[in-house]
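Take a look at the structure below. Keep it open while you read.

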Amino acid sequence: GDQSRTDGKDSAAAVPASAYYPVTLTNLDGSGYLSGDYAKVVTETGTPVYGSGPFNFTRDQDGFEQVMAYFWVTEAQKYIQSLGFGSELPPVNRRQQALKVSQYGIDNSYQNDQPDIIRLGKGGVDDAEDGEVIVHEYGHAVHNAQVPGFGTSLEAGSIGEAFGDYLALTVADSVARANGAPVRTPLPCLMDWDSTSYTSAPHCIRRTDTDKKYPQDVRGEVHADGEIWSRALWDIRQGLKDVRKADRIIINAQFRFAPDTTFAAAAQHTVDTAQVMYGAQAAATVKAAFVDRGILK
């Protein structure tokens, strides 16, 4: 949350010891490597992390990005399961996610469908140093697990980017609270650490609280247009006043989406899902969020 921090060419001194938090790596398979039920680091820059721990790395060490990738993907899946997916609701990407850490030699990351792998890049602040970048990319894997081939139209692609942002926000908030870290303010500002190299303070790659509306603010670029959808998701979260209820509705609705869905069709599926899960009042709150964005009438 300190907006004055910079990358400092990957310097350990650029981040104080007080900014680190010890966390527990769970669901490991006992091999000694970063391999477990929901995540596996398959290639990495530097020596693979191996042993029984503890893994007390600082950001200038390659092992830091490796344990970050394993931790955040595992925690994202555990959070989704905590919402009931895999018990009373269908499972969502409940499998081992392959991760290539800092193997993509530019400042960008992406999730690939076939084979299903997340590649985390480097440059400026290395992408795997920011948990929200990791979880955003995992959001694409979640969407593709729910709807194979999701994102074949501009609006579907925009929804995919928006959901990745929203999942990053909600998982990061949950993890911060669970580990005694300060909850970042403002919460709707995403990936502020990763974006220090190319944004002005306050550093945000994107936000979930812009006032963009459909169709007048459509720009034809999935990240920009995704801010229309992510604002609706943020308003659902705020309007329901129950984060877990909002997240259950948002994720469960995605099973109904088509690979090339429109904003309007996906919004109506989300309203219908709220109606089935929680009744008319929740459905009205969800619909109001999409009406405010100009997506529904």
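What follows is a set of questions and answers on this predicted model.

Q: Is helix α5 largely enclosed by the rest of the structure or largely open, and how many of its residues are buried?
A: A residue counts as buried under 20% relative accessible area. Helix α5 covers residues 243-253. It is largely enclosed by the rest of the structure, because the buried residues in this 11-residue helix number 8.

Q: Which residues of α5 are buried?
A: The buried part includes Ala246, Asp247 and Arg248. Three isoleucines also belong to it: Ile249, Ile250 and Ile251. The list closes with Asn252 and Ala253.

Q: What covers the buried residues of α5?
A: The cover includes α1 (62-82) and α2 (131-146). It also includes α3, α4 and α6.

Q: What is the relation of α3 to α5: roughly parallel or roughly antiparallel?
A: Helix α3 spans residues 154-178, and its axis lies 12 Å from that of α5. The two helices pack at an angle of about 150 degrees. Angles over 145 count as roughly antiparallel. The pair is therefore roughly antiparallel.

Q: Which residues of α5 do Phe163, Tyr166 and Thr170 in α3 meet?
A: Helix α3 passes α5 in a left-handed crossing. By class, the contact has 6 nonpolar, 1 polar and 1 charged residues. On the α5 side, the residues met are Val243, Ala246, Asp247, Ile250 and Ile251.

Q: How does α4 lie relative to α5?
A: The axes of α4 and α5 are 8 Å apart, and the packing angle is about 140 degrees. Roughly antiparallel needs an angle over 145. The angle therefore makes α4 oblique to α5.

Q: In which crossing does α4 pass α5, left-handed or right-handed? Which residues of α4 make the contact?
A: The crossing is right-handed. On the α5 side, the contact uses Val243, Lys245, Ala246, Asp247, Ile249 and Ile250. By class, this contact has 7 nonpolar, no polar and 3 charged residues. The α4 residues are Leu233, Ile236, Arg237 and Leu240.

Q: At the start of α5, which backbone nitrogen does a side-chain oxygen of Asp242 reach?
A: Look at the start of α5. The side-chain oxygen of Asp242 comes to within 3.2 Å of its partner. That partner is the backbone nitrogen of Arg244.

Q: Is Asp165 buried or exposed, and which side chain does a polar contact of 2.7 Å join to it?
A: Asp165 sits in helix α3. Its relative accessible area is 2%, so Asp165 is buried. Leaving aside neighbours within four places in sequence, Asp165 is in contact with His136, Leu190, Met191 and Arg206. The polar contact of 2.7 Å joins it to the side chain of Arg206.

Q: What distance separates the C-alpha atoms of Asp165 and Arg207?
A: These two residues are 42 residues apart along the chain. In space, their C-alpha atoms are separated by 8.3 Å.

Q: Is Glu227 buried or exposed?
A: Glu227 belongs to helix α4, residues 222-240. Leaving aside neighbours within four places in sequence, its contacts are Arg206, Arg207, Thr210 and Lys212. Its relative accessibility is 10%, so Glu227 counts as buried.

Q: Where is Thr261, and what is its relative accessibility?
A: Thr261 is placed in the loop between α5 and α6 (263-278). Not counting residues up to four places away in sequence, Thr261 touches Phe150, Ser153, Glu155, Ala156, Ile159 and Ala266. Thr261 counts as buried because its relative accessibility is 4%.

Q: Which peptide bond is cis with omega about -5 degrees?
A: The bond from Gly53 to Pro54 is cis, with omega near 0 degrees. Pro54 is in the loop between β1 (39-44) and α1. Pro202 lies in the loop between β5 (189-190) and β6 (206-207). The cis bond with omega about -5 degrees joins Ala201 and Pro202.

Q: What is phi of Asn93, and is the residue buried or exposed?
A: Asn93 is in the loop between α1 and β2 (97-104). Its phi is near 55 degrees, a positive value in a residue other than glycine. At 5% relative accessibility, Asn93 counts as buried.

How values were computed:
Residues are numbered from 1 along each chain as its sequence is written. This is a predicted model: local features need pLDDT of at least 70, side-chain atom pairs count only at pLDDT 80 or more; totals for chains, interfaces and linings use all residues. Side-chain values use heavy atoms; hydrogens and water are left out. Axes are lines fitted to C-alpha atoms, for helices over the stretch in contact, and angles run from 0 to 180 degrees between N-to-C directions. Helices (H or I, at least four residues) and strands (E, at least two) are DSSP runs, numbered from the N terminus. Angles under 35 degrees count as roughly parallel, over 145 as roughly antiparallel, 65 to 115 as roughly perpendicular and the rest as oblique. A crossing is left-handed if the near helix is turned anticlockwise from the far one by less than a right angle, and right-handed if clockwise. Contact means heavy atoms within 4.5 Å. Ala, Val, Leu, Ile, Met, Phe, Trp, Tyr, Cys and Pro count as nonpolar, Asp, Glu, Lys and Arg as charged, and the others, Gly among them, as polar. Buried means under 20% relative accessible area, exposed over 50%, partly exposed in between (1.4 Å probe, protein chains only). A polar contact is a pair of N or O atoms within 3.5 Å; within protein, one must be able to donate a hydrogen and the other to accept it, and residues adjacent in sequence count only if both atoms are side-chain atoms.
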